[in-house]
Structure formats: C-alpha cells, structure tokens
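Open the model in your viewer and keep the sequence panel visible. The tour below moves from one selection to the next.

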Amino acid sequence: MSIYAAPPARPVVSVEEVRGVLEQHWGALRIVTELGSQQDRNFLVEDGDGRYVFKLANSATTTAELEAQHLALQRLAAAGLRVPAPVPARDGREVAPLTIRGEQLPARLLTFVEGTPLLAHDDLGPEQARWLGDTAGRVARALEHFEHPGTDRLSQWDVRTGLDVVAALAASVPSPVRRAQILEAAEWIAARLEPLRDGLVTQVIHADITDDNVVHDDASGLGIIDFGDLMRSWRIGELVPMAASCYMRDEPDALLFETVAAFAEHVESTDAELAALWPLTVLRAAVLVVSGEHQVMVDGDNDYADLRRTAEWRAFAQAVERDPDEMDVLVRAAARGGFAPRELPAGRLIDGPVEVVDLSVLSDEYDAGSWLESGAETRILLRRAAPGRPAVTCWGEYRLTRTHPRAPRGAAATFAVGVDVAVAVDTPLTAPFDGTLAARPGGFVLMGGGWSLWVGGEGSAVAVDVPGALRIAEPRSVRRGERLALVRAGTAATVQLTAGDGIRPPHCVRPLLAAHWRRVAPDPSPLFGTDITAPEVSPAQTLQRRDAAFASAQEHYYGQPPQIERGWREFLIDTEAQTYVDVVNNVTIAGHAHPGVVAAASRQWSLLNTNSRFHYAAVAELSERLAALAPEGLDRVFLVNSGSEAVDLALRLAFTATGRSRMLAAREAYHGWTLGADSVSTSLGDNPRALTTRPSWVELIDAPNPVRGTHRGPDAAAAYLADLDRLLDDLEAEGRAELAGVIIEPIFGNGGGVLLPQGYLAGVYERVRALGGICISDEVQVGYGRLGEFFWGFEQQDAVPDVIAVAKAMGNGQPLGAVITTAAIAEAFEQEGSFFSSAGGSPVSSRVGLAVLDALETEGLQANAREVGTEFAEALRGLAERHPAIGAVHGMGLYLGVELVAGAAFTPDAALAGRVCDLLLAEGCIVQPTGDHKNVLKIKPPLCIARESVEYVVGALDRCLSRATA
Ligand code: PMP
C-alpha cells in the first residue's frame, strides 16, 4: 500500500504543552490563537516585539525537509519576496525536535507575515488573480537552481503522483456517482499527461501558492506563507494549486487566464508544460476532494478540512465541465499573448463584394424582439444577401441573437469570434493561403503558415469542391487561390480563422472570455477584402464621458453599471447583449419598445409635432379619455411633461382655488424636483437635509406607515388621525390653520409600496376639506393600473381627491403628465392668466398617451398586474418564511417592496439591501433599494411582465439572500 493511503493525522498536543515548549525553548510568548492546518498544528503567538507562528509539524516531517524550507526562505527573501523568517531557539537551533507523548515532533518559531489571505477576498477578481500568478512566477524563478536533499520527498501534493493519490483514496468518496466522475477524469488526464512527461521541467517549488497562502497587507503588499509542501517536482506544479483554486470561485476561467498570464511574465513555460497545465489542474481538484474526504474519514473532528470540502467539490465540478481542448488553447493564448506579431493571410476566401450585416445590440435589423425567434440570424442574413453579394456578419460584435433572457449576467455567449456568410446563389470559396485541406464535420479546415481556417455549415450548406475530388478522403495540399468549396444558395456558412493548428473555438463566447478568445481567433477581415470588424464597446469609457460632462448630482445605478442600450417588454439589454429583467421600471408600464407606442410616436412625428395652442385631434382625444378614467366630477385635464410639473401645477391650483398657500405634506415622501414639488418632498433617501430645509408654508405630517411608523397595527389609522387633529389644533392656536390643502401619495411609493392604514386617507381628506383645503393625490408612481385591483391609488383607500397629479406611466417613458381636477378648481386658475406648456400635450405626446391607454386596455395590463402581482407577492412572502432578513413584503399588484432587516428589532439593513441588489445584477435582475433607510427593494416592473420572469426574479432573490447572509 502506498503512503498516499494514509496521510499523517495532525499532532495531538494540548495548549498547555505548547505553552511549556515555548517557554523552555524561546522564552515568554503568549498564545493568541490556533491557526488552521490540515496536517500540522500552528499557533499564533506574540511577545512585546512582534508576532510569530509556532509550528509543530507531524511526525512524518523530517529535519532535512525543514532545513530545506529555511534555506528556500532565505532565497525568496533575497529575491525580494515577503516570507517568514525562522527565529532560533535559545540553543541556537532553528528546529527543536520535541518529544510529546513518545512522539518526536519538530517544532519551530517563524516570524508572522502580516496580512490577510487573498482567500478572504469575497470578490477575488482579475487583479488578485494576477497577483497570485505573479507570486507563483516569482517563486518558481527564485527557486530555479535551488537544490537540497530535503526537497526530494514523497507527498500526496506532488503533481507528479496525483494519479496515484486519486487511485489510492478514491474509495474514501462516499457518493458512487462522484467517485465514478473522479475515476473517469483520472482516465483522460492520464492519457493527456502521458506523452508530455518528457517535456516537463523539474525544479524545487513551493507547491502551494494559492489564495490561502498568499497574504496581502495595504502597507507591505503581498506575502507568502506555509512552506510545508516545498518539494522537487514539475515546475508547472507551481501554477497548478492556484489554477485549481480559481475553480472554487465564480468566473473561474477569467481568473485562471489572468493567473497564467502573470506567471508567464516570470517563467517561460515549454509547450509540454502549457499542455499539462489544464489536466494537472483538474487532477489537483480531484486530489483535493479525495484527500479532503479521506481526511474527514480519519480525523472526523477536523473542521478545517470539513469546511473546505464544499469549495473543493465545487472546484472539481466546475473544472470537469470544461472542454479540455478549449482550455488548452486558451491557456496557451494567455501564456503566450496570442498571435499578435503574426501577419494575417492576405488572400481572399470570397471574391467580389460582400454585404456587411450588423447583428449587434444596436442593429436596425431587428424589431419587436425578433432576435429571440429561432433561426433569426440566417433569416436576417438571407434577407440581405444578393446574387454576387454574399452577406457577412461582423467579427467582434456582441450578437443580440445569442442573448438569454432570464439568465445571469455574462452567461450568454454573445461575443462573435467567428463570422457567418449567407449566399443567395451557389458561391465558391477559394484558398486564401497555401495549406493542407482536411474534411471536418459539415465543412473543412485549411491549415498553413501558422493559421487554420475553419469553414462549416448546417447539413449540406458547405460542399467541398476541390478540382478532381468530390470529397476529401485524405488531407491534401492546396495553393492560394484554388477553389475549395461551394456554399449552397439560400444557406449560410460559418468561418473562423485561428492561430496555430489547435481546435476550432466556439463561434460565440462569453463576454468575460472575449479578450482571451480574440487572441486565438482574430479578425478575419482580409479574407473578405473589406473591414468586417465591429466597433469595440466600452461601458467604462462611456461612463467616464458621462462623469466628465453630465452633472454628477444626476446619479446612476450601480458602481460599475452595464451600459443599457436596448429594451423589449420587461427586459433590458446591455452593449454586451446580456439581458436583464427590469424590476424597477415603473414608467414603462406597457413594456420597453412597445410596438404600438413606437408606431404612434413615429407616425405622429412624421405628420406633425407642435404645441397645444394649435387645434388638433389628439389633445382632445387624450383629455377625454383621461377625464373618463377619473372619478365623477374630475373632468378637466391639464397636460404637462412630467410628474414634477404635474405636482407643481396641482399645488398652484390649490393655492389659487383657496387663495391660501399653506400645504400639509407627509414625511418620507418624494413629489418631484421643481421648486414647488421639491418644497413638499421630505424623503431623506433622496435628500438627507429634507426635513430641516422645507419652506415655512409646508406643514409636515407624520408618515402614516403602519409597518415601521409611530403607530403600527390595525388601529394605526385612528392614532395617526388623532395626531393630525392635534397638529391642526396647534396650527389653529398659532393662527396657521388656513390651509390651501394636502398633498399625499395614496400608497407610500417612496417607502417601497407600504399601504396606508385603512381609512386614513378618507380621514385626512375630511379634515382638510373641513378647513376649506383641497386634496391632491399624487398618483405619479402608484396610479394608472399598477395596483392591479385599482386603477388609481386613492381607490384602495376609498377616498376621492379634488386634484389628481399623474405622469410617468402615462407616456411609457415619453415625457407626459397630467393634472385632472374639477371644473371649479380649473376655472379658478384662470385668474393667473393662461396656462401654457410648450410640449405638454403635443401631438406626439398625446398620440403616445393614447397608444399607452390602448395597450392598457387591449393587453389587459392592469389584470396582469393583479394576477402576476399577487403571485409575485405570495412568492416573496414564501421567501420571507425562509429568510429572516425579509422583515416585510409591502404593496399590491405590481407595486411591491421587500423590506430587509437585521435582527428581531426590525432594524433596517441598508448594507444588505445594497449587497443583494449588486448580487441580483449579477443574476440578471435590475432591482434597487428605496425608502428613508434605503433598505426596501422596490419591485415595480413593466405591467406586461411574464410569470416566468417573476419566477426567475424570485429564484434569483432567494439565491442572493442566501449568499449575502451566509
Ligand atoms: N411624484 C412622485 C410620487 C414620484 O415618485 C415622482 C418621481 N419619482 C414625481 C412625483 C416626479 O416625477 P418626475 O420625475 O416625472 O418629475
């Protein structure tokens, strides 16, 4: 039986014994804590001067090994790396062999390398991956000619013997399915490694440079710890542990390639080393899982090994999912920097002109979500192909046709590293360079001059057509300009040029890997005699331009936002053709790019757009329909351009109709940005100084929030109204009771959809009217069908206002707002002269407003808000049962709020809300926090949202909450 079957268990030693040993050999040192280790025992200790690690190795460790470690440490320190230094014992020895319970155990004291292991970085990203690759490279370089007998050792972590370890320990894996997976992986790894062995360079390596053993400290930079695996092995083994560690994380490929590229700056790997890296990485993951399982078996109470098992299994699972051929190509590209210096072939694949067709996010080829239909690409291309003028797609575009709605950001392989060529008539392809032609499924590959040209197609789209041969049984030489194949009329072929003669890359790749694949499959423009390169997209650059020119008080969502350039129904799409579910868009009720709205706006623009002093039908039609939607008696309509304008105008109507200017306004509310609307806005989330800077004509009333406010529960309405009575009495006593009116949202939009206590609004209206005031309902956010059961928010409260201010949803994003009121109030306003808003109620805005109302009616949007909204709320309440962080689910219809709290005291948890929103973005869902405490996730998607999207969002929220609260 090999030694791998039984890695030594950790030494058994009590803290008392450690204290005694320290005292005896090194003097007074205080034990701070025990540090984790799989096979040794490590203690952090300190004296007045500094911190140290006391290391007690297991009984299998020899003094020679430790000597080798100490010499290696000297070399690394000399090379400028931050590593521990041995502290000699009283007798001058660096290693003190101790006998504990009859066992000889080598003990040492090393200086403590300050810093946090990179492992602790929750968001370990490309930068940290580069640090790790760089460290591994520097270490391998510094140890290049180091020789010591203590480094020739048998270790289960030696990459050279990984297959033996797997064979010996696989039986420790309890699950038969997983065990079989491991053995299957071992088989292909063995086959791949066999021919490489002779080309693998041997030297001494650290053998465990991972995010666990590389620490970082802002003051001193990177440091390396744990030299317990120092050994003579394959040099590429220096990179393998970190490569495997990448697969414990999200987006591992990008991390791996960064690591490889940074390593390559210090070590020039041989072809064999690069080819061995991926199989060895998968092997390392396999060794980790079998060793972890084995360790738990022999040393069940080792929490450290136990905890790491989940991460190790994840690494293995993610690694075996990869295509080893693709990984091989990408590893080489990362290490060698790709094809950069090489000249592209100069010959043509297709003679004559081509039509370049754009399939990117901004393409005009699509409309009304047509990119989601199957076969869209070929259909579009064939539409554009003409006899003698094949249609060719762009290289380096993010194709909208490849997007996935309801999927994590970055999951859709949208970046085109291949192109498609569609032809209207049979079209010949010719060899652009001298090379060897070989048949491949559906097409062929031409290899020559360091390039491979891959051509393929569905079925018989591409027919090899070499003079003198109907099909190529054997590879054959062809010369530049010779005919190779025919692309059949009405079909499309795929074309890809790659450096070297490796494998054919995927046609489109994930955005995160775009930079890596570009190195492998460059722009084949010369083959077509025209530039088919898509313009590069750079959301970061656009953001910089925005930041430089667009006044920064106009904030943007997210630290590093995706650049959103297209929408469709409840979906938003970024420049990398990644699709998100839009959960925050309360404006676009009919959905993004709604065809009815698009057509109405476009047609009206082509006819006329002017102001409402002219006489045209649209303004009459829209006003009629709005008046018909309002309660009896509210039948006069003003048309403006925004919610702020509607609120501002509503306030002025109240002032002129009453001849007074004192307004009641609720706390925690937002009503708009104009001077008037801002005066009655009190939300601290929008303006932290709001409560201390309101003008003197605004009287604040308590936020009637029955969930988190002053009064809670079923009797809250009466209590809030009693407070209001007291306030009104006080105002009366101070001679300030002459009210123009009250402005209030009928549902706390800003608070995240909190419903007012039942009966509250009617009570407020009654009191205000008794004092001669006017009641304004701000329906800008919650009105217009969003609540499902009710068209207007005040209906939910069984109250009828005197003035309705509405906007947002009315125009589905087109600037459009309205004030709807009684004839008496409207006519009183005439004292102020005439009212005119240049674009308010313009022909275009009015037609858009009518198209939105048509959509609401014919597409049953309000009914969808009721049905899907109810299911949404139920699903969220279901989540609340499993996630204590969900303190409450507010709202109704498709105006919902998920309130996140910490602890039983219902403390608002803004940090959690922010983190969850970031995680949701990565899941492909756009959600933002709201409220005075910024702890309520606002859920107010387009009213056309599909059930599947709701299910996706709820599932994503579930995952994000679990992750953020783990
Ligand atoms: N009232 C309420 C309740 C709002 O939520 C908003 C906008 N968030 C406004 C008024 C102002 O609307 P706009 O941004 O269209 O000016």
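**A small sheet, then a wider one, then the ligand**

Begin with Pro428, which stands opposite Leu486 of strand β21. Keep in mind throughout that this is a predicted model.

Extend the selection to strand β15 and to residues 483-487, which make up β21. The two strands run antiparallel and are joined by four bridges. Now add β19 to complete an open sheet of three antiparallel strands, ordered β15-β21-β19. Which strands stand at the edges of this sheet? They are β15 (427-430) and β19 (462-464); each has a single partner strand, so one side of each is left without a neighbour in the sheet. Looking from one strand to the next, you should find a twist that averages 30°.

Next, go to the five-stranded sheet. This is an open sheet with antiparallel pairing, and its strands follow the order β1-β2-β3-β5-β4. Select 30-35 for β1 and 96-100 for β4: these are the edge strands, and each pairs on one side only. Here the strand-to-strand twist averages 30°.

Zoom in on β1 and add residues 41-46, strand β2. Five bridges pair β1 with β2 in the antiparallel sense. Within this part of the model, Leu35 stands opposite Asn42 of β2.

Now show residues 15-26, helix α1, which packs on the sheet. The helix touches β1, β2, β3 (51-56), β4 and β5 (103-111). Compare its direction with that of β4: the two make an angle of about 145°.

Finally, select the ligand and display its surroundings. Which residues are around the ligand? From the first stretch of the list, pick Ser642, Gly643 and Ser644, and then Tyr670, His671 and Gly672. The list is completed by Glu745, Asp778, Val780, Gln781 and Lys808. By class, this shell divides into two nonpolar, six polar and three charged residues.

Three distances can be checked in the viewer.

- Gly643: a polar backbone atom is 2.8 Å from an oxygen atom of the ligand.
- Ser644: a polar side-chain atom lies 2.5 Å from an oxygen atom of the ligand.
- Asp778: an N or O atom of the side chain is 2.7 Å from a nitrogen atom of the ligand.

To end, switch on the ligand surface. Taken alone, the ligand exposes 390 Å², and the protein buries 83% of that.

Notes. Residues are numbered from 1 along each chain as its sequence is written. This is a predicted model: local features need pLDDT of at least 70, side-chain atom pairs count only at pLDDT 80 or more; totals for chains, interfaces and linings use all residues. Side-chain values use heavy atoms; hydrogens and water are left out. A residue is near a molecule or strand if one of its heavy atoms lies within 4 Å of it. A polar contact is a pair of N or O atoms within 3.5 Å; within protein, one must be able to donate a hydrogen and the other to accept it, and residues adjacent in sequence count only if both atoms are side-chain atoms. Accessible areas come from the Shrake-Rupley method with a 1.4 Å probe; for residues, only the protein chains shown count as cover. Ala, Val, Leu, Ile, Met, Phe, Trp, Tyr, Cys and Pro count as nonpolar, Asp, Glu, Lys and Arg as charged, and the others, Gly among them, as polar. Two strands pair if DSSP finds at least two bridges between them. Axes are lines fitted to C-alpha atoms, for helices over the stretch in contact, and angles run from 0 to 180 degrees between N-to-C directions. Contact means heavy atoms within 4.5 Å.
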